[in-house]
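Me: Please take a close look at a single helix in this structure, and then place that helix in its wider setting. I would like one connected account, with the reasoning spelled out wherever a step depends on it.

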Amino acid sequence: MEQVRTIVLAAGKGTRMRSDLPKVLHPVCGQPMVDHVLGMAREISSLIYVVVGHQAQKLCCHLDHRVKIVHQKKLLGTADAIRAVVPELKKYSGDVVIVCADTPLLKKESVKRLLTMHRKQRAACTILTAIVPDAAQYGRIVRDDKGQVVAIREEKDASPQEKDIQEINTGVYCFRAKDLSLGLSRIALNKKKKEYYLTDIIAILKRDGKIVAASRLSDAREGLGINTRKDLSAADAIMRQRILEKFMADGVSIVDPSTTYIDAGAKIGRDSVIRPCTVIEKDVVIGKRCFIGPFCHVRPRTRIKDDAQVGNFAEISRSTLGEKSLMKHFSFIGDATIGKNVNIGAGVVTANYDGKNKNKTTIANGAFIGSDSILVAPVSIGASALTGAGCVVTKGQRILKGQVVVGVPGKIIKRKKAL
Ligand code: UD1
Ligand code: MG
């Protein structure tokens, strides 16, 4: 594809979220919504601008060198946000895609289709539209008798007839750079909202006799713009379904999709089975043929190797569970490195936090951690060592290979005969 630059709008206040966190940093399936949009944008563009404004500092800390940050000084609406980027486009004559950072469900295929239509029709602007049952929070696509797009009308300015239009603006557009700059300079302040609406550019371009095209989404849900917490939960549910369907297509069994929550970016190997009421967060890698759940919480930075099992009421965080190791009943494992063929008995807890620091636990291959053992980190348990039921292994203890430790606090009593 030819060069494309993308502008991601992320400067708005997000007032309707009623939040101290910038709207676009709210997570959808564990990942800030702006990251979903940037992931898509990276697939189609040679250069990405992110327009920041409200709580710019917080957002800038989150963004990396792969994007060019542009500051919108006063938050005077979507057209004003794009105006902040115009100086950057002076020597550029290609196409510019505009997306809102609050539209995380958008797929790259749809934007590619938009670009293809834009180029085929030699349009000045092509809008990505969708047909939705409830158009209330979107700009409506106004067409003439011939079906040509003539304007986008925002809810506040729409006539009763226009309010009935179900075709909406997703906030995604493709512009020829020159037409964008020229059109923007002529957008007037919307008196009701005291903002410059990017959507007013459509009528301006049409009046100039330019071609404005529209590409319609086949799945309108992709265009969901998140303005409220209700929208956020709707987007989360749609993304979750996508994630689960992808895992199932790749050979992972999800016994009950309606109670399974897997974050974007988690990885699970073939023939693993995810049982009901399980939460798997971001940055988790689960191997092949694992059994996870029911009622289990796998938290970030966890690695579960092939053929391992994590069962009922178990929580595992920032830890590695080695091949064929089992933790099947109500345990907490945190900041631990667990080798192969280890048995974590029912009710085992790694006491990893001493009030100040998170401390590490190491459990070597073949160790057997008896039911209700408490491992007060930092501790290390040697290969094939055994802790008795209810044992407390105190802070700093090193249980060596094959040692058997029992009691409270745990006392070393002997060395196992056969290792
Ligand atoms: C906007 C569109 C509407 C469309 C909808 C799609 C306008 C006037 N309206 O409405 O037609 O149906 O998106 O979801 O464009 N932003 C800035 N600077 C600002 C204001 C907003 O960068 O001064 C950013 C926001 O961070 C957000 C995006 O622009 O990512 C859209 O702003 P938002 O307030 O959500 O507009 P909508 O009311 O959803
Ligand atoms: Mg919006």
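Reply: The helices and strands named here are DSSP runs, at least four residues long for a helix (H or I) and at least two for a strand (E), and they are numbered from the N terminus. The model is a predicted one, and every value below should be read with that in mind.

The helix to examine is α4, which covers residues 108–120. At 1.5 Å a residue, its 13 residues should span 18 Å, and because the C-alpha atoms at its ends lie 18 Å apart, the expected span and the computed one agree. The buried residues of α4 are S110, V111, L114, L115 and H118. Viewed down the helix axis, these buried residues fall within an arc of 140 degrees, so they line one face of α4. The spacing follows a general pattern: an α-helix has 3.6 residues a turn, so residues three or four places apart point the same way.

What does this buried set pack against? Its contacts are with the strands β1 (4–9), β6 (95–100), β7 (125–131), β10 (167–176) and β11 (212–216), together with the helix α1 (33–44). After α4 comes R122, a residue with a positive phi, near 50 degrees.

The loop between β6 and α4 also holds D102, which takes part in a metal site. The magnesium ion (ligand 2) is coordinated by D102 through OD and by N227 through OD1, at 2.2 to 2.3 Å. This pair links distant parts of the chain, since N227 sits in the loop between β11 and α8 (229–249), and the two residues are 125 residues apart. D102 has a relative accessible area of 12% and is therefore buried, the limit for that class being under 20%. N227 counts as buried as well, at 9% relative accessibility.

Beyond this region, there are two open sheets to describe. One of them has 10 strands in the order β12-β15-β18-β21-β24-β27-β30-β33-β36-β37, with mixed pairing. At its edges stand β12 (253–254) and β37 (411–415), each with a single partner strand, so one side of each is left without a neighbour in the sheet. Within that order, β27 (residues 343–344) and β30 (residues 368–369) pair in the parallel sense over 2 bridges, and N343 has F368 as its bridge partner in β30.

The other open sheet has 8 strands in the order β14-β17-β20-β23-β26-β29-β32-β35, and its pairing is parallel. Here the edges are β14 (267–268) and β35 (398–399), and since each has a single partner strand, one side of each is without a neighbour in the sheet. β14 pairs with β17 (residues 284–286) in the parallel sense over 2 bridges, and the bridge partner of I268 in β17 is I286.

Several loops carry backbone features that deserve a careful look. The peptide bond from G293 to P294 is cis, with omega near 5 degrees, and P294 is placed in the loop between β18 (291–292) and β19 (296–298). A cis peptide bond also joins A377 and P378, with omega about 0 degrees; P378 is found in the loop between β31 (374–376) and β32 (379–381). On the other side of β32, the loop between β32 and β33 (386–387) contains S384, a residue other than glycine whose phi is positive, near 55 degrees. S384 is partly exposed, with a relative accessible area of 22%. C29, which is not a glycine, has a positive phi of about 50 degrees, and its place is in the loop between β2 (27–28) and β3 (31–32). C29 is buried, with a relative accessible area of 3%.

The cysteines raise one last point: how many disulfides does a search of the whole structure find? The search finds 0. The sulfur of C60 is 7.2 Å from the closest cysteine sulfur, which belongs to C61, and because a disulfide requires the two sulfur atoms to be within 2.5 Å, that distance is too far for a bond. For C277, the closest cysteine sulfur is in C296, at 11 Å, again too far for a bond. C60 is buried, with a relative accessible area of 19%, whereas C277 is partly exposed, at 28%.

Key:
Residues are numbered from 1 along each chain as its sequence is written. Chains are lettered from A and ligands numbered from 1 in the order in which they are written. This is a predicted model: local features need pLDDT of at least 70, side-chain atom pairs count only at pLDDT 80 or more; totals for chains, interfaces and linings use all residues. Side-chain values use heavy atoms; hydrogens and water are left out. Buried means under 20% relative accessible area, exposed over 50%, partly exposed in between (1.4 Å probe, protein chains only). The expected span of a helix is 1.5 Å times one less than its number of residues. The arc is that of the directions from the helix axis to the C-beta atoms. Contact means heavy atoms within 4.5 Å. Donors are N, O and S atoms within 2.8 Å of the metal (3.2 Å for Na, K and Ca); water is not among the atoms, so sites may look incomplete. Two strands pair if DSSP finds at least two bridges between them.
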